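Below is a short report for someone meeting this structure for the first time. Please have the sequence and the model at hand while reading.

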Amino acid sequence: MDTREIILDVKNLNTSFISDQKEIKIVKDVSFQLKRGKTLAVVGESGCGKSVTMNSIMRFTGKNAIVKADNIQYNALRGDKIEEYHLEQIDKPNGAKMRALRGADLSMVFQDPMSSLNPVYKVGDQVAEGLLQHNKGMTKAQAREKVLTMFKKLGIPDPEERINCYPHQFSGGMKQRVVIAIAMICNPELIICDEPTTALDVTIQAQIMDLLKELQVKEGKSIILITHNMGLVAEMADEVCVMYMGRVVEFGSLEDIFDRTSHPYTKALLRSVPVLGLANGQKLETIPGSTPNPADLKAGCEFADRCPECTDKCRGKAIPTYEVSKGHLVRCVKYDTYPEVK
């Protein structure tokens, strides 16, 4: 593996939660790589394990979580050298080692800006907190100047005035910009965006996504975009990871996923996307059934009960992942004539 090309390498990540003295597996054997300076979209229905996967990488899971992985390797670029960090080996999620990486190297834009901001602190102070944490010699005046610069970059009007405002004085779109400012203020290499346009109107959604795209293109940031919106995926992603019930069912380039769609679940997701020009009275397709209870899952393909292509081979035993073309991976027995990915 070229650590200069790959910024994040995740192998066999598993996350379980203890509930009523039972261990319930939520994320199962998730593996993927993120290329430096690229955008990876992680897609799937609500409850498929997207956010839990990213929270496991960032070590934001609660005390009732059990996180195990063969490897969660972050390759930090320090000048002309690479420093490797194995996040799965950091035994204290809130210890000094992990806190030193969060914000400065790895950051996260959380799903709901309404709950991500503290209502009793000025937004400028909340953005500056990360700067002061990671730059011990920095004064509050210097931090303020950097926050003003970031506000201007993110298109927040009247930054000199707005820096002293409280979250309730901002609109939803402005709150989201502040959350992005918190994630960006220490100039991290990798940004994880968890449904960054939730509850925003279409115009503001477009502005936020244009902003993230500009950061990725102009500043070379690596981005993981968690979403169920396949339209955003088409606009933003270089590669796509499709998840269902805690597993990666298809992974490939944007062209692989949209033009050479292979897994029945991915096909169903794409058929449910609204398209301009639908005939009058034509209804959008939906995926039949609902996601099963993670505690009740049996061996075999988790999508079997909802899949129109299901056969007896789909049930009763673990389904391997196959490489149908270079870098295009599919977890489906339809492709058992292709090489199996170990």
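The report goes through the strands, a group of helices, a loop and a pocket.

This is a predicted model, in which local features need pLDDT of at least 70 and side-chain atom pairs count only at pLDDT 80 or more, while totals for chains, interfaces and linings use all residues. Residues are numbered from 1 along each chain as its sequence is written, and side-chain values use heavy atoms, with hydrogens and water left out.

## Strands

Helices (H or I, at least four residues) and strands (E, at least two) are DSSP runs, numbered from the N terminus. Two strands pair if DSSP finds at least two bridges between them.

Strand β1 (residues 6-19) and strand β2 (residues 22-35) run antiparallel and are joined by ten bridges. Within this pair, Leu-8 stands opposite Leu-34 of β2. The two strands form a hairpin with two residues between them, where Asp-20 has a positive phi near 50 degrees.

An open sheet is formed by nine strands, in the order β7-β8-β9-β3-β10-β11-β13-β12-β14, with mixed pairing. Its edges are β7 (106-109) and β14 (340-341); each has a single partner strand, so one side of each is left without a neighbour in the sheet.

At one edge, β7 runs parallel to strand β8 (residues 190-194), with four bridges between them. Leu-106 stands opposite Leu-190 of β8. Helix α7 (residues 172-184) lies across β7 and β8 and runs at about 170 degrees to β7; axes are lines fitted to C-alpha atoms, for helices over the stretch in contact, and angles run from 0 to 180 degrees between N-to-C directions.

At the other edge, strand β12 (residues 321-325) and β14 run antiparallel and share two bridges. Here Thr-321 has Val-341 of β14 as its bridge partner. β12 also pairs with strand β13 (residues 328-330), in the antiparallel sense and over three bridges, and Ser-325 has His-328 of β13 as its bridge partner. In the hairpin of β12 and β13, with two residues between the strands, Gly-327 takes a positive phi near 80 degrees.

## Buried residues

Buried means under 20% relative accessible area, exposed over 50%, and partly exposed in between (1.4 Å probe, protein chains only). Three buried residues are listed here.

| Residue | Place | Relative accessibility |
|---|---|---|
| Leu-148 | helix α5 (residues 140-153) | 7% |
| His-263 | loop between α10 and α11 | 2% |
| Tyr-322 | strand β12 | 7% |

Contact means heavy atoms within 4.5 Å. Neighbours within four places in sequence aside, Leu-148 is in contact with Pro-159, Glu-160 and Ile-163. The C-alpha atoms of Leu-148 and Glu-160 are 6.8 Å apart, although twelve residues separate the two along the chain.

Tyr-322, again leaving aside neighbours within four places in sequence, has contacts that include Leu-329, Cys-332, Tyr-335, Tyr-338 and Val-341. The C-alpha atoms of Tyr-322 and Cys-332, ten residues apart along the chain, are separated by 7.5 Å.

In helix α4 (residues 123-134), the buried residues are Val-123, Gly-124, Gln-126, Val-127, Ala-128 and Leu-131. Their cover includes α5, α6 (159-162) and α7.

## The loop between α10 and α11

Thr-261 lies in the loop between α10 (254-259) and α11 (264-271), and His-263 lies in that loop too. A polar contact is a pair of N or O atoms within 3.5 Å; within protein, one must be able to donate a hydrogen and the other to accept it, and residues adjacent in sequence count only if both atoms are side-chain atoms.

The side chain of Thr-261 reaches the backbone oxygen of Ile-257 at 2.6 Å. A polar atom of the His-263 side chain lies 3.0 Å from the backbone nitrogen of Tyr-265. Not counting residues up to four places away in sequence, Thr-261 touches Glu-250, Asp-256, Thr-266, Lys-267 and Leu-270. With neighbours within four places left aside, His-263 is in contact with Val-249, Glu-250, Phe-303, Val-330, Arg-331 and Cys-332.

## The largest pocket

On a 1 Å grid over the protein atoms alone, a pocket is an open set of points where a 1.4 Å probe fits, with protein on both sides within 12 Å along at least five of seven lines; lining residues have an atom within 4 Å of a point. Grid points are joined across faces, edges and corners, and a volume is the space filled by probe spheres set on the points.

The largest pocket holds about 960 Å³ of space. Its lining has 30 residues, of which Ser-31, Thr-321, Leu-329, Val-341 and Lys-342 lie nearest the centre. At least two lining residues come from each of β1, β2, β11 (247-253), β12, β13 and β14. β2 gives the most, with six residues.
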